[in-house]
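Here are some notes for a colleague who is opening this entry for the first time. Please keep the sequence and the structure in view while reading the points below.

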Amino acid sequence: MAEFIIMPKLGFNMDVGELVKWRKAEGDTVKKEDVVFEIQTDKTTMEIESTISGVLLKILVEEGQTVPVIMPVCIVGEAGEDISAMIAEAGRQLGIESTVAAEPAVEVSAIAAPEATVAAVVPGDLKISPRAQKYATEHGLDLSSAAIVGTGFQGGIMQRDLEQAAKVGKITPLAKKIAAAAQVDVTAVSGTGIGGKIVKADIEAVTKVPKAAVNIPGSEIEVLRTLSYSGMRKIIGDRLSQSKFTAPHLYFTAAVDVTELIKFREMVNKSQQQKVSYNDFVIAAVSQALQKHPEINCSLQGEKIVQYKDVNIGMAVGMESGLIVPVIKKSQSKKLTAIAAETQALAEKARTGKLLPQDYQGGTFTVSNLGMFGIENFTAIINPPEAAILGVGALRKTPVVISKDGEDQIEVRTIMNITLSIDHRLIDGMNAVKFIKDVQGLLENPLIILI
């Protein structure tokens, strides 16, 4: 029996998902747990598996379309099975209402596009919405033109498709070639040629680097590009803005002498196959310190401050599309080498866009390390709903005063700055001081981390 495969809800805050790629085509055999399509969430790209075995009978959503969660995406069932009722049900679930019910000569067959019409079958098996038919008649358009590509359900032609085709047709061959090479959307270009035709100069005007005047008399700043503030970048911005302007941040910085840590790490890495990074030592040290200071390992839930027994450390990983924070769960009960293996695996999954929701949900504290980029000191914004985050800087050789045998001496030591950001609503300054001092002590005496 045929079944829908739906747009899954992969997180509490996920309301919609974008279908970015079909891995199966209509008519393909599908086995249970086969990957059928990929979706883009606010965090990563996810592979969605089939819940049943059968044949992919109908694709209901095209690549690039955004669909609300739990809405039908495709139909899988037995070959030859009648799924007309399911297609109609998909239309109802997506809020489709026929606008051509009073026209018996037009058969409703598809899901409406944003123009609130339903693609209809007309002579010649051409699917076109009533509004598109009217537009074509008024503008004398040839519906058999190859330039017309339907973007409605099942390839139905909508009014927007005709508008685009009309504009695409008014462009010189040279301008069209230049636009294709520069990836210019010609539908957004105004033509200056005869009859509004788009010419070479119109495309070149769009592709030239625009100049934006600034408030310095006689000066201009050349703009390289303009990017859309949307998707993952906007989600990150909105959440961190909410954190910064809702939670009063307070910062504490400590200089950690990691001279002994460097020697100890070299010894550990020579003695076993699993290599351990400095960040792994930081995560292990933070995990131990949070067990001693549960008042730091907390979050605000409504009107209650919740302190956690489990330590789930998020590690900030930067990607081209933004920042993501995979989580090492129950890190307080894991050995240093186990933490190292997990951080490497999670970082690789993050870079390749293969993180699952359970990989980046449930964090209670975050470590953000910019040391590998040479950043010596920075203040990180708390990752909500957590109450604290630790910023880790680069290792640097520094002359320091060392007391030996009652005398002060200057030695070159390796120093690493760590900065704790706390939500001062939930965490008192004195507790933060005690916590960061304990982290400092563990990193300066790394053998304790393994005991």
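**Notes on strands, a helix and rings**

1. In this predicted model, a convenient place to begin is Ile 39, which stands opposite Met 46 of strand 5. The two strands concerned, strand 4 (residues 35-40) and strand 5, pair in the antiparallel sense, and 5 bridges join them.

2. Strand 5, which spans residues 45-49, has two faces that can be told apart: Met 46 and Ile 48 make up the covered face, whereas Thr 45, Glu 47 and Glu 49 make up the uncovered one. As background to this pattern, side chains in a regular strand alternate between the two faces of the sheet.

3. Further along the chain, an open sheet is formed by 6 strands in the order 14-23-22-21-17-20, with mixed pairing. Its edges are strand 14 (249-257) and strand 20 (327-328), each of which pairs on one side only.

4. At the edge formed by strand 20, the pairing with strand 17 (residues 313-315) is antiparallel and comprises 2 bridges. Within strand 20, Val 327 is the bridge partner of Gly 314.

5. Which strands does helix 7 lie across? Helix 7, made of residues 259-271, lies across strand 14, strand 22 (388-404) and strand 23 (407-423), and the helix runs at about 85° to strand 23.

6. Two remarks on aromatic rings complete the note. Arg 265 lies over the face of Tyr 278, at 4.3 Å from the ring centre, and a search of the whole structure finds 3 aromatic pairs.

Terms used. Residues are numbered from 1 along each chain as its sequence is written. This is a predicted model: local features need pLDDT of at least 70, side-chain atom pairs count only at pLDDT 80 or more; totals for chains, interfaces and linings use all residues. Side-chain values use heavy atoms; hydrogens and water are left out. Two strands pair if DSSP finds at least two bridges between them. Helices (H or I, at least four residues) and strands (E, at least two) are DSSP runs, numbered from the N terminus. Contact means heavy atoms within 4.5 Å. Axes are lines fitted to C-alpha atoms, for helices over the stretch in contact, and angles run from 0 to 180 degrees between N-to-C directions. Buried means under 20% relative accessible area, exposed over 50%, partly exposed in between (1.4 Å probe, protein chains only). Rings of Phe, Tyr and Trp (its six-membered ring) pair if their centres lie within 6.5 Å; planes under 30 degrees apart count as stacked, over 60 as edge-to-face and the rest as tilted. A charge sits over a ring if NZ of Lys or CZ of Arg is within 6 Å of the ring centre and within 35 degrees of the ring normal.
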